[in-house]
Amino acid sequence: MRWRRRSEGDLGSAAPTGRDEGRHEGRHEGRHEGRLSVVMPAYNVAGYLPAALDSVLGQDLSEVGTELELVVVDDGSTDESGEIADFYASRDPRVRVVHTDNHGLGAARNEGARHATGDLLAFCDSDDVVPLGTYATLVATLGVTGSDFVTGSIARLESDPAGRPVLTEPPWMHRLHNPPRARIEAREHPEILGDVFAWNKLFRRPFWDEQELVWPEGVRYEDQPTTTRAYLAGRFDVIPDVVYHWRIRRDGSSITQQRSSVQDLADRMTTKLMALDAVTAYDDQTTSRIFLDRVLAGDLHRYFTEIPGCSDDWWALLREGIGEIWGLHSLVNSGLPPAHRLTAWLVEQGRREDAAAVMTYVAGLSGPFPRTSGGGPARLDLTEVDRLTGGRLGDVPSAAIALRDHE
C-alpha cells in the first residue's frame, strides 16, 4: 500500500506543542462565553490576506450578542503574510497572531484552535472571503436550534476575462443545503457528508473538545476526516445561505490543481480511508452505502482526467486505492456520471490504455457523450470510443454505460 491508512489517533495531538514563536504569545485561561473565535492559517498569501482579514473583521455580531476573536496562525510564511497579520493585530485588539514554523494547514488550524478562547469556533482560509452577515446568521441559527454545529452553502469566487469577480454556487452544494434542516443526525441526510469543507461551518467549542476533533496533520485533504467525524457525532443544522466565498486560484498554487502528483493522490486516498473508517464504525447501512457510492466516489472524475499521460506509479496507486475502498462493490454502481463509471470499470480491470482512450475522447467532446437506445434502455454510444480502443469495449457491463433517469 502506497499510503498510510491512518486511525483517529493519527489526526494530531490536541495538546499544546510549544511551537508558538510570535510576539502575541498570551494564552487566555478558560473559555469566554458569548465569543466567536475564527482561526485563520496563513502561509505565503500576502496578496490575498488583507481581503480575508477584512471580511472577517467586518462581521457585525452585535445583534446576536457575540464578541469576535480572530486568531491568525502565520505558518512559517516566507513572504509578508506574517507582517500583514501583525499590522492588523497592532490596530485591532480582536486579532491575535501566532507565529510558527511551517507545519502545514492541519497543524496550523490545530494550533489556532488551541489559542482560541471563544465558546464558538470557526475556520477561515486566508485566501478566501467571508460574506457580510455570515457569522451572525450562523450564530443565530445555533441560538435557536441548540445544535452542536451548523453548515451553510458556499460560492466559488473566480474572475471573468475582464478580471471582475464572479460568484457561482455549485449545484451540488445548493442541493445538499436545500431544504433547510435543524438538529438532524447524519443518518437523516447522509449525502450532507459530501459537504466536507472546514470553513462553512460554525461549531460549539464544548462539542469540538468533547469529541476531540482535530485536523489531520502532514496530509492534504484534511477537511474530510474531521468533518465526517463531526457529522457522525453530533446534531447539526443545514441552512441554504451562502456563507463562504471560496477563491479559485488559477496560478497552480492551489492543492486542487496538483492532482497529477503521486503525493496528491496518496493523500486523497488516505483521507478517504480515514473518513470511511469513521462511517463504517457509525454502523448504519444506508449511510455507509450512500457515503461509498455518492460521497467518496464524487471527486474521482477529477482524477480520471489525469489518466492520459499519468506515471506508472500514479496509475498503480489509483488502482490500489480504488480496489481497497470499493473492492467487490464496483464503481459501476456509484453516483459517477456514466462516462466516468465506464472509466472506473476500466480502472478496476487494469485496462490503462482503454481508460486513457475514453478520457481523451471525453476531453475532446464539444457536447455530451453520444447516446443511443438501440431499441432498448438509453445508454452511452460507444461506437467512436470503441474504434479508438481497437474494438476492445464489447464486454462493458450495462451498469457502466446505462443512463439513469436523471442522466
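Start the tour by selecting Phe149, which is buried, with a relative accessible area of 0%. Buried here means under 20% relative accessible area, exposed means over 50%, and partly exposed is in between, using a 1.4 Å probe and protein chains only.

Before you go on, note that this is a predicted model, where local features need pLDDT of at least 70, side-chain atom pairs count only at pLDDT 80 or more, and totals for chains, interfaces and linings use all residues. Residues are numbered from 1 along each chain as its sequence is written, and side-chain values use heavy atoms, with hydrogens and water left out.

**Stop one: the aromatic rings**

Keep Phe149 on screen and add Phe207, which is also buried, at 4% relative accessible area. The structure holds 16 aromatic pairs. Rings of Phe, Tyr and Trp (its six-membered ring) pair if their centres lie within 6.5 Å; planes under 30 degrees apart count as stacked, over 60 as edge-to-face and the rest as tilted. Phe149 and Phe207 form a stacked pair because their ring centres are 5.9 Å apart and their planes meet at 25 degrees. This pair links distant parts of the chain, 58 residues apart: Phe149 belongs to strand 5 (residues 149-159) and Phe207 to helix 6 (residues 205-210). Helices (H or I, at least four residues) and strands (E, at least two) are DSSP runs, numbered from the N terminus.

Next, select Tyr231 and Phe236. Their rings make an edge-to-face pair, 5.0 Å centre to centre with 70 degrees between the planes. Both Tyr231 and Phe236 are buried.

Now widen the selection: Phe123, Phe149, Phe203, Phe207, Trp208, Trp215, Tyr231 and Phe236 form one aromatic cluster.

**Stop two: charges over rings**

Stay with Trp215 and add Arg109, which lies over the face of Trp215 at 4.9 Å from the ring centre. A charge sits over a ring if NZ of Lys or CZ of Arg is within 6 Å of the ring centre and within 35 degrees of the ring normal. For another example, pick Arg268, whose charged end sits over the ring of Tyr221, 5.0 Å from its centre.

**Stop three: backbone details**

Tyr221 deserves a second click: its phi is near 60 degrees, a positive value in a residue other than glycine. Tyr221 is in the loop between helix 6 and helix 7, and counts as buried at 15% relative accessibility. Glu212 lies in the loop between helix 6 and helix 7 (223-233). Glu212 has a positive phi too, about 55 degrees, although it is not a glycine. Is Glu212 buried or exposed? At 59% relative accessibility, Glu212 counts as exposed.

Move on to Asn178 and Pro179, which are joined by a cis peptide bond with omega about 0 degrees. Pro179 is in the loop between helix 5 (171-176) and strand 7 (181-184).

**Stop four: the cores**

Select Phe304, Ile307, Leu318 and Trp326, the residues with the most contacts inside the largest nonpolar core, which has 72 residues. Such a core is a set of buried Ala, Val, Leu, Ile, Met, Phe, Trp, Tyr and Cys residues joined through side-chain atoms within 4.5 Å. Helix 8 (residues 262-282) gives the largest share of this core, nine residues. A second, separate core of 38 residues includes Leu68, Leu120, Leu142 and Ile154.

**Last stop: zoom out**

Show the whole protein, with its 15 helices and eleven strands. Buried residues make up 53% of its 407 residues.
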